[in-house]
Amino acid sequence: MSTTLCQVMGFVVSSLGVAGCIAATGLDMWSTQDLYDNPVTAVFQYQGLWRSCVRQSSGFTECRPYYTILGLPAMFQAVRALMIVGIVLGVLGLLVSIFALKCIRIGNMEDSAKANMTLTSGIMFIVAGLCAIAGVSVFANMLVTNFWMSTANMYQGSMQTIQTRYTFGSALFVGWVAGGLSLVGGVMMCIACRGLVPEETHYKTVSYNASGRNIAYKTAPYKAGTGYESEAKSKKVSAYDDTARSDDGKRSYPSKYDYV
C-alpha cells in the first residue's frame with residue numbers, strides 16, 4: 001500500500017510540475033519593467049520568451065513576437081532550449097508513468113517491467129525539473145546583470161538619466177516552483193521503484209539418490225497345527241528376515257555420501 005501511495009503521489013506531483021513548466025514557458029512576464037524611480041507610469045513593458053508586450057494605462061495591451069532567432073542573445077536561446085527539453089522529457093515521463101502505475105493492469109505485465117518503467121519515468125522527471133530550474137536561473141542571472149549595468153549607467157556623470165530597467169516577472173517564480181515539483185515527483189517515483197521489484201528467493205536444493213535394491217517381504221500365511229510347527233516356521237521366517245535385512249539394510253539406508 002505504501003509503494004502504491006508513493007507512486008501515485010509522485011505521479012501527481014510530477015504532473016503538476018510538468019504543467020507548471022508548460023505554463024511558465026508560455027507566460028509573457030519573464031521580465032517586467034522596474035517602476036522604482038520611474039515617474040512615467042503610463043506605459044508598462046514586460047517581456048517573455050516568445051514576445052514582448054506593452055500595456056498602457058488605458059488598459060490596451062499590444063504584444064509583438066520576436067521575428068528573429070539569430071538576433072537574440074545566445075543565453076536567451078539557451079533558456080528557450082532548456083525549457084523545451086524539460087517539457088518534452090516531462091511529457092514523455094508522464095506517458096511512461098501512466099502505464100507503470102501499479103493500480104493499472106495492461107495484459108500480463110509483470111512487476112519487474114513496471115518497476116523499470118517507474119524508474120525510467122522518475123529519471124525523466126528529475127532531468128526535466130533540473131532543466132526547468134537551470135533555464136529559469138540563467139534568465140534570472142541575465143536580469144540581475146542587466147539591472148545593475150542599467151543602474152550604473154543611470155548615475156554616471158552629473159545628470160541622472162532615466163533608463164528602462166527590468167526585474168523578475170511572475171513566470172520566473174512559476175518556473176522555479178514547477179521545476180522543484182517535478183524534481184520531487186521524480187525522486188518519489190524512484191523510491192517507489194524499489195518496492196515494485198519482486199523479491200528474489202533462493203532455495204537450496206538437495207538431490208537424493210537411494211542405493212541398493214528395494215526388497216519386498218511377505219509374511220507367511222497362518223496354518224493351524226501343532227505348536228512345534230508354528231514355532232519352527234516363525235523361527236525360519238524371522239531368521240530369513242534378519243539375514244535379508246542385515247545383508248541389504250546397509251544398502252537401503254542412505255549415507256552421507258549419497259547427497260550431491
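**Entry 1: helices and strands**

I counted the secondary structure elements and got five helices and five strands in the chain. I was working on a predicted model, so every value below is computed from it. Reading from the N terminus, I noted the order α-β-β-β-β-α-α-β-α-α. I also checked burial across the chain: of its 260 residues, 31% are buried.

**Entry 2: the transmembrane record**

I looked up what UniProt has to say. An unreviewed entry there lists residues 81–101, 122–148 and 168–197 under "transmembrane region". I then went to the model to see what two of these spans look like.

Residues 81–101 came out as 95% helix and 0% strand. From end to end, C-alpha to C-alpha, I got 30 Å for residues 81–101. Residues 122–148 are 100% helix and 0% strand, and here the end C-alpha atoms lie 39 Å apart.

**Entry 3: the nonpolar cores**

Which residues touch the most other members of the largest nonpolar core? I found Trp30, Leu49, Phe76, Val79, Met83, Phe139 and Leu172, out of 18 residues in that core. Next I asked which elements give two or more residues to this core. They are helix 2 (74–100), helix 3 (111–154) and helix 4 (170–196). Helix 3 supplies the largest share, six residues.

I found another core apart from this one. It has six residues, including Phe11, Val18, Leu94 and Leu101.

**Entry 4: the cysteines**

How many disulfides does the structure hold? I found one, and it joins Cys53 to Cys63 with an S to S distance of 2.1 Å. I read 110° about the S-S bond, and the link of Cys53 and Cys63 is right-handed. Cys53 sits in strand 3 (residues 51–56) and Cys63 in strand 4 (residues 61–65), so the bond ties together parts that are 10 residues apart in sequence.

Are the two partners buried or exposed? Cys53 has 2% relative accessibility and therefore counts as buried. Cys63, at 29%, counts as partly exposed.

I then went through other cysteines. Cys6 is in no disulfide; its nearest cysteine sulfur belongs to Cys190, 9.8 Å away. Cys6 is buried, because its relative accessible area of 18% is under the 20% cut-off.

Why does the sulfur of Cys131 make no bond with the closest cysteine sulfur? That sulfur is in Cys21, and at 9.3 Å it is too far for a bond. Cys131 has 12% relative accessibility, so I put it down as buried.

**Entry 5: the largest pocket**

I looked for open space next, and the largest pocket has a volume of about 280 Å³. It is lined by 16 residues, and the closest to its centre are Ser31, Gln47, Leu143, Asn146 and Tyr166.

Which element gives the largest share of the lining? Helix 3 does, with six residues. I sorted the lining of this pocket by type and got nine nonpolar, six polar and one charged. Helix 3 thus turned up twice in my notes: it gives the largest share of the largest core and the largest share of this lining.

**Entry 6: three single residues**

I picked out Thr32 first, which is found in strand 1 (residues 31–33). Thr32 is buried, with a relative accessible area of 10%. I checked its distance to Gln47, one of the residues closest to the pocket centre: the two are 15 residues apart in sequence and 6.4 Å apart in space, C-alpha to C-alpha.

Arg80 came next, and it lies in helix 2. Is Arg80 buried or exposed? Its relative accessibility is 12%, so Arg80 counts as buried. Its C-alpha is separated by 9.7 Å from that of Phe139, 59 residues apart along the chain. Phe139 is already in my notes as one of the core residues that touch the most other members.

I finished with Ile98, also in helix 2. At 34% relative accessibility, Ile98 counts as partly exposed. Between the C-alpha atoms of Ile98 and Ser121 I got 9.3 Å, and these two are 23 residues apart along the chain.

Methods: Residues are numbered from 1 along each chain as its sequence is written. This is a predicted model: local features need pLDDT of at least 70, side-chain atom pairs count only at pLDDT 80 or more; totals for chains, interfaces and linings use all residues. Side-chain values use heavy atoms; hydrogens and water are left out. A nonpolar core is a set of buried Ala, Val, Leu, Ile, Met, Phe, Trp, Tyr and Cys residues joined through side-chain atoms within 4.5 Å. Buried means under 20% relative accessible area, exposed over 50%, partly exposed in between (1.4 Å probe, protein chains only). Helices (H or I, at least four residues) and strands (E, at least two) are DSSP runs, numbered from the N terminus. A disulfide is a pair of cysteine sulfur atoms within 2.5 Å. UniProt positions are given in the numbering used here, feature names are shortened, and annotations may be inferred rather than shown by experiment. On a 1 Å grid over the protein atoms alone, a cavity is a set of points where a 1.4 Å probe fits but cannot get out, and a pocket is an open set with protein on both sides within 12 Å along at least five of seven lines; lining residues have an atom within 4 Å of a point. Grid points are joined across faces, edges and corners, and a volume is the space filled by probe spheres set on the points. Ala, Val, Leu, Ile, Met, Phe, Trp, Tyr, Cys and Pro count as nonpolar, Asp, Glu, Lys and Arg as charged, and the others, Gly among them, as polar.
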